[in-house]
Amino acid sequence: MEDERIIVRPAIPADVVFADQIIKEMESSAIARGSGISKRSAASVIEKIDTGKAIVAVTENGEWVGFSYIETWDDGRFVSNSGLIVSPQHRNQGVASEIKNRIFNLSRDKYPTAKIFSITSGLAIMKMNTRLGFEPVTYSEVAQEPRFWDACKSCVNYDVLQSKNRCNCLCTAMLFDPQLN
């Protein structure tokens, strides 16, 4: 229903029922856009929900609308804002921007001294990041933990990343440094 109210909030344990829907939409959206994406497992989405590291958007009737999560890297020096996805029937309604604002604020609240980064190939995410104070940076300015880069292995562009010795790829790295803002 078009005029049904959408609620954007911290995810709660009951939201784990959306995990399969979230990962399927992430993958199908990446395929439709022809862009790379690090595939997530339902278990990883559930873990983010259960540990208070996710934002979810739902309709008043409990239909899943959108999702994003945070992850810490390099002993907490970095936090990534990741996995932002909105269901196709709810796109172009400002939901992604609201989720992005909420996930950014969650990052700042939980990890106030950490640098926050986002790696994306999407112009809309780049614009949202810029409005929040992120700046484009080289890959050397974001997390270097091998576990972070291992997540890129499922991306269709992983060979590009490897051929460039993890110095660049088709995605843009963006960073928010709380010391500068």
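In this predicted model, seven strands come together as an open sheet with mixed pairing, in the order E1-E2-E3-E4-E5-E7-E6. The edges are formed by strand E1 (6-10) and E6, each of which pairs on one side only. Neighbouring strands of the sheet are turned against each other by 25 degrees on average, direction ignored. As a reminder for readers new to sheets, strands pair through backbone hydrogen bonds, in either a parallel or an antiparallel sense.

A good place to start exploring is strand E3 (residues 64-73). On one side, strand E2 (residues 54-59) pairs with E3 in the antiparallel sense over five bridges, and Ile55 has Ser68 in E3 as its bridge partner. E2 and E3 form a hairpin with four residues between them, and Gly62 in the turn has a positive phi of about 85 degrees. E3 is also joined to strand E4 (residues 78-86), by seven bridges and again antiparallel. Here the bridge partner of Tyr69 is Ser82 in E4. The hairpin of E3 and E4 likewise has four residues between the strands, and Asp74 takes a positive phi near 50 degrees. How many residues of strand E3 are buried? The count is 10 of the 10, so the strand is largely enclosed by the rest of the structure.

Towards the other end of the strand order, E6 and E7 pair in the antiparallel sense over three bridges, with Pro136 standing opposite Met174 in E7.

Helices lie against this sheet. Helix H2 (residues 42-50) lies across E2 and E3, and runs at about 80 degrees to E3. H3 packs on the sheet as well, touching E1, E2, E3, E4, strand E5 (115-120) and E7, and its direction makes about 160 degrees with that of E4.

What fills the interior? In soluble globular proteins, nonpolar side chains tend to be buried together. In this model, the largest nonpolar core has 18 residues, of which Ile55, Ala57, Val95, Ile99, Phe104, Ile116 and Phe134 touch the most other members. Two or more residues each come from E2, E3, E4, H3 and strand E7 (172-176). Which element gives the largest share of this core? That element is H3, with five residues. A second, separate core holds 16 residues, including Phe18, Val56, Phe67 and Tyr69.

Aromatic rings also meet in several places, and a search of the whole structure finds nine aromatic pairs. One of them joins Phe104 and Phe134 in a tilted arrangement, 5.7 Å centre to centre with 55 degrees between the planes. This pair links distant parts of the chain, as Phe104 belongs to helix H3 (residues 95-110) and Phe134 to the loop between helix H4 (123-131) and strand E6 (135-137), 30 residues apart. Both Phe104 and Phe134 are buried. Leaving aside residues up to four places away in sequence, Phe134 touches a set of residues that includes Asn81, Lys100, Ile116 and Met174.

Phe148 and Trp149 form an edge-to-face pair, with 4.8 Å from centre to centre and 80 degrees between the planes. Why do Phe148 and Trp149 count as buried? Buried means under 20% relative accessible area; Phe148 is buried because its value is 10%, and Trp149 because its value is 2%. These two residues belong to one aromatic cluster together with Trp73, Phe78, Phe117 and Tyr139.

Finally, the structure holds zero disulfides. Cys169 is in no disulfide, and the nearest cysteine sulfur, that of Cys171, is 5.8 Å away.

Terms used. Residues are numbered from 1 along each chain as its sequence is written. This is a predicted model: local features need pLDDT of at least 70, side-chain atom pairs count only at pLDDT 80 or more; totals for chains, interfaces and linings use all residues. Side-chain values use heavy atoms; hydrogens and water are left out. Rings of Phe, Tyr and Trp (its six-membered ring) pair if their centres lie within 6.5 Å; planes under 30 degrees apart count as stacked, over 60 as edge-to-face and the rest as tilted. Buried means under 20% relative accessible area, exposed over 50%, partly exposed in between (1.4 Å probe, protein chains only). Two strands pair if DSSP finds at least two bridges between them. A nonpolar core is a set of buried Ala, Val, Leu, Ile, Met, Phe, Trp, Tyr and Cys residues joined through side-chain atoms within 4.5 Å. Contact means heavy atoms within 4.5 Å. A disulfide is a pair of cysteine sulfur atoms within 2.5 Å. Axes are lines fitted to C-alpha atoms, for helices over the stretch in contact, and angles run from 0 to 180 degrees between N-to-C directions.
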